[in-house]
Each structure stands twice: as C-alpha cells, then as structure tokens.
Amino acid sequence: MEMKIMQPITVGGITLKNRIMFPPLTTGYEERDGSIGEQSRAFYTRLAQGGVGYIVLGDVAPIRSFSPTPKLFDDSQIESFRLLADSVHAYGAKLGVQIFHPEYDCDAVNALFAQGKMEEVRARLHHDMQVFY
C-alpha cells in the first residue's frame, strides 16, 4: 500500500498541500484580549514552515469571555487573525478554527471576574459544569 500522507488532497473544493493536520488545542499563547499576538503567530507559522498542511486554532470564542483562549467576537480582533492567516498561507498551509462557546452564563461570570470575586467565579463555574458530571 502506497503512503499518501505527503500528497495533496482536495476536500470540499479546498486543496491541502498534504494530509498532515495540526488538531485544535489551546496553546495559551494568545494575548489577554484573545487576539493572536507574536508568540502565537510564530508558533503556528513554525508549524506551517515545518510542513503542516492544515492548522486548526482551538477554542476560538465568538463571545467575550474571561477564558484564556483565542477570541473573535469584535471587528478589532480580525486583523490579528488576518496576519496569522497570511503568515501560514505563505508556507502553503490552510487555517481553520474550532468555535468554542462556553455553556455558562458568560456575562455574569465576566462581571464577577472583573470585580475580582474569584471564589464566586469558581463556585459559579462549578455549578454550571455539574450538568456534565
């Protein structure tokens, strides 16, 4: 059987340069506001430069949240994602995002977080996550 991992593949009209995929995960390299900063961009660019054909950003929140993940809920964040896309495209890689929407009441938790009420934040998150136990 012939190995095809380094051969291009077309999926849904998009051609990937090879079949190597970097799966979605949270790196913690994003800026505090969730935008893609230099460290994050350098990390993903190194993956593309090293030969990865498809990179998926993990846990991209489409809402304001205090979680330390990438965020794309405001037009001001678009530029950092565009710079990342341009950077990985320069090496022939494609970029996707995994949308992450927390199931908890983000507005209430964000307000508690902004007030520094961390015990209440933890209690609220614990309560909201009990449905998953």
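Which residues does Ile-55 touch, not counting residues up to four places away in sequence? Select Ile-55 in this predicted model and display what surrounds it: with those sequence neighbours set aside, Ile-55 touches Phe-22, Tyr-44, Leu-47, Ala-48, Val-88, Ala-93, Lys-94, Leu-95 and Gly-96.

**The core around Ile-55**

Keep Ile-55 on screen and add Phe-22, Tyr-44, Leu-47, Leu-57, Leu-84 and Val-88, since these seven residues, Ile-55 included, touch the most other members of the largest nonpolar core, which has 14 residues. The elements that give two or more residues to this core are α1 (38-49), β4 (54-60) and α2, and the largest share, 4 residues, comes from α1. In soluble globular proteins, nonpolar side chains tend to be buried together.

**The sheet**

Next, switch to a cartoon view and select the strands β3, β4 and β5, which form an open sheet in that order with parallel pairing. At the edges stand β3 (21-22) and β5, each with a single partner strand, so one side of each has no neighbour in the sheet. Then look between β4 and β5, which run parallel and are joined by 5 bridges; on this stretch, Val-56 can be found standing opposite Gly-96 in β5.

**The helices across the sheet**

Now add α1, which lies across β3 and β4 and runs at about 155° to β4. Add α2 as well, which lies across β4 and β5 and runs at about 140° to β5.

Within helix α1, select Thr-45. Is Thr-45 buried or exposed? Thr-45 is buried, because its relative accessible area is 12%, which is under the 20% limit used for that word. Leaving aside neighbours within four places in sequence, Thr-45 is in contact with Ser-87, Val-88 and Tyr-91, and Val-88 is also one of the residues that Ile-55 touches.

**Salt bridges on α2**

How many salt bridges does a search of the whole structure find? The search finds 2, and selecting Arg-82 brings both into view, one with Glu-79 and one with Asp-86. In the bridge to Glu-79 the closest N and O atoms are 2.5 Å apart, while in the bridge to Asp-86 they are 2.4 Å apart. Because Arg-82 and Glu-79 are 3 residues apart in helix α2 (residues 78-89), about one helical turn separates them; Arg-82 and Asp-86, being 4 residues apart in helix α2, are likewise separated by about one helical turn. Through these shared partners, Glu-79, Arg-82 and Asp-86 are joined into one network. Each of the three counts as partly exposed, with relative accessible areas of 39% for Glu-79, 37% for Arg-82 and 40% for Asp-86.

**Asp-105 and Arg-19**

Move on to Asp-105, placed in the loop between β5 (94-99) and α3 (106-114), where it is partly exposed with a relative accessible area of 37%. If Arg-19 is selected together with Asp-105, the distance between their C-alpha atoms is 38 Å, and the two residues are 86 residues apart along the chain.

**Confidence along the chain**

Finally, colour the model by pLDDT, for which the chain has a mean of 87, with 90% of its residues reaching 70 or more. Among the elements of the chain, α2 has the highest mean pLDDT, 98, whereas helix α4 (residues 118-129) has the lowest, 72. Where pLDDT is low, the predicted coordinates should not be read in detail.

Technical notes: Residues are numbered from 1 along each chain as its sequence is written. This is a predicted model: local features need pLDDT of at least 70, side-chain atom pairs count only at pLDDT 80 or more; totals for chains, interfaces and linings use all residues. Side-chain values use heavy atoms; hydrogens and water are left out. Buried means under 20% relative accessible area, exposed over 50%, partly exposed in between (1.4 Å probe, protein chains only). A salt bridge is a side-chain nitrogen of Lys or Arg within 4 Å of a carboxyl oxygen of Asp or Glu. A nonpolar core is a set of buried Ala, Val, Leu, Ile, Met, Phe, Trp, Tyr and Cys residues joined through side-chain atoms within 4.5 Å. Contact means heavy atoms within 4.5 Å. pLDDT is the predictor's confidence in each residue, from 0 to 100. Two strands pair if DSSP finds at least two bridges between them. Axes are lines fitted to C-alpha atoms, for helices over the stretch in contact, and angles run from 0 to 180 degrees between N-to-C directions.
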